[in-house]
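Subject: A structure for you to explore

Hello,

I am passing a structure on to you, and I thought a short tour might help you find your way around. Please open it below and read along with the notes that follow.

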Amino acid sequence: MRRRTLLAGALAAAPLAAGCSSGDGASGTASARGRTTLSYGIWDVAQAPGMQQIIKAFERENPGISVEIQLTPWTSYWTTLRTSMRGGTAPDVFWMNAVNIQLYAANGALEPLSAHIARDRTPVGKHPDALVDIYAYEGKQYGLPKDFDTVGLWYNKALFDKAGVKYPDSSWTWDDVRDAARELTNPKKRVYGIAAEMDRQTKFYPTVFGAGGYVLRDGRSGFADARAVEGLRFWTDLVDRGWSPPQSAMSEVRARNLFLSEQVAMNYDLSAMASFMYASPAIKDHGGVTVLPKGRERATVIHGLANVISAKSRKKQAAWKFVDFMARRAAAEIQAKGGITISSYEGTQDAWLKSMPEFDLRNFIDMLDYAVPYPSSRNTAVWEDQEYLLLGAPFSGKGGIEQAARTLARQMDRALDEEDK
């Protein structure tokens, strides 16, 4: 069964609530004490304290509304969400990502926010356009960003010093990465120059875009394009030449962990991982980060979470007040002070930058000028599953990246065609 059909079936099990005009009163949505209690679904335990601080600030401004966090681990978040929608118990407000936004919006699972935004003049323009666009579907806004990630080049200064290699900076190109990876690789010490992990967001999406290629455009796959293949080959060549650990070494231990344990000298990774880097004494003492090296052009991938409202919520007025509050400066500043992720509200990132002064975190913000939105469609997960299946052999050093990319493009186009049926 296709994912869209599966979700549609879940939604059909219970009627959708009324639209924007639904109230928060006699229908059983308020507590016996006259307060409306909202449920807020999230998946990251590290962000829970910061979210609780935002909730306290919101409740001070809205004494008739209280918010309770429902924390569900990432591994079961989406399954639990679908089940709760089927049973009519989905959180009133919950986190959404790029992979699932179109699927949920297309199936009527989310409350459209455009009318609310226009009425209350929510400062959507203070968030990156590329991020806001991710959470729009067919001309309507369904989610408001709370944070964002870009991908940077993390490096270990101690390993660079031992190899006598210059630290990477904004002048680096892909050729510089290859040269450094070769010099940094030390088989006797079991140290590799870079980790060419088969990961879409942190590895091959950024290089596909950096090569001038694309993943998805006008409803068609870009993987068969020569530029996209060039971006994929950047990684497979590193594996072939032995400058990256083999994929077998990264199937159980992520590239991130190999970098933290100082087994690789460079790693493309998210801004959201800064706090993990900072918590590692070795990386805190001699770790660094810079912008992604330039291929044919400069590119990184931007993604971030958004807050959405369940279409089945019977507390939409209160839910909107909460979502609107979280899209404004006060909430963004509280989030930024937590140092876990970058607030997406313009001008509120300083607290995050200052929270880890050992790292030049401003590089992640500087890349916004050329950040490419995380690619998604109505059934993103269907064709994303094909990526790892079909690119596995080339990324394991078995060659054939051109053929694998062409096959992936055909399979992806079939999946995209199915979305319109």
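Let me begin with the middle of things, keeping in mind that this is a predicted model. The largest nonpolar core is made up of 130 residues, and Tyr40 and Met266 have the most contacts inside it. The element that gives the most to this core is helix H20 (residues 401-419), with 8 residues.

Tyr40 is a good place to start looking, since it belongs to a strand with both faces covered. That strand is S1 (residues 36-42), and 7 of its 7 residues are buried. On one side you will find Thr36, Leu38, Tyr40 and Ile42, and on the other Thr37, Ser39 and Gly41.

Next, see what S1 is paired with. It runs parallel to strand S2 (residues 65-71), and 7 bridges join the two. As one example, Thr36 has Ile65 in S2 as its bridge partner. Both strands are part of an open sheet of 5 strands, in the order S2-S1-S3-S15-S6, where the pairing is mixed. S2 and strand S6 (144-145) are the edges, and each has a single partner strand, so one side of each has no neighbour in the sheet. At the S6 end, S6 and S15 run antiparallel and are joined by 2 bridges. Pro145 has Ala306 in S15 as its bridge partner. A helix also lies across this sheet: H3 (residues 74-86) crosses S1 and strand S3 (93-96), at about 140 degrees to S3.

Now follow the chain on from S15. Where is Ser310 placed? Ser310 sits in the loop between strand S15 (306-309) and helix H15 (316-326). Is Ser310 buried or exposed? Its relative accessible area is 2%, which is under the 20% cut-off, so Ser310 counts as buried. Leaving out neighbours within four places in sequence, Ser310 is in contact with Ala90, Pro91, Asp92, Phe94, Ala109, Glu111 and Lys316. Have a look at Leu110 too: Ser310 and Leu110 are 200 residues apart along the chain, yet 4.8 Å separates their C-alpha atoms.

Met266, the other residue named for the core, takes us to another sheet. Met266 is in S12, opposite Ile194. Strand S12 (residues 264-270) pairs with S9 in the parallel sense, over 2 bridges. The open sheet here has 4 strands in the order S9-S12-S8-S13, and its pairing is mixed. Its edge strands, S9 (192-194) and S13 (287-290), each pair on one side only. From one strand to the next, the twist averages 25 degrees.

Helix H9 lies across strand S8 (151-156) and S12, and runs at about 85 degrees to S12. H9 also has a helix to pack against. Two packed helices are described by the angle between their axes and the distance between the axes. For H9 (residues 200-210) and H19 (residues 380-395), the angle is about 80 degrees and the axes are 13 Å apart. That angle makes H9 roughly perpendicular to H19.

Which residues meet where H9 and H19 pack? From H9 come Arg200, Phe204 and Tyr205, and from H19 come Trp383, Glu384, Asp385, Glu387, Tyr388, Leu391 and Phe395. Of the residues in this contact, 6 are nonpolar, 4 are charged and none is polar.

Enjoy looking around, and write back with any questions.

Best wishes

Technical notes. Residues numbered from 1 in each chain as written. Predicted model: local features only at pLDDT ≥ 70, side-chain atom pairs only at ≥ 80, totals over all residues. Heavy atoms only, no water. Axes fitted to C-alpha atoms, helices over the stretch in contact; angles between N-to-C directions. Parallel < 35°, antiparallel > 145°, perpendicular 65-115°, else oblique. Contact = heavy atoms within 4.5 Å. Nonpolar A, V, L, I, M, F, W, Y, C, P; charged D, E, K, R; others polar. Core = buried A, V, L, I, M, F, W, Y, C linked by side-chain atoms within 4.5 Å. Buried < 20%, exposed > 50% of the residue type's maximum accessible area, 1.4 Å probe, protein only. Pairing = 2+ DSSP bridges.
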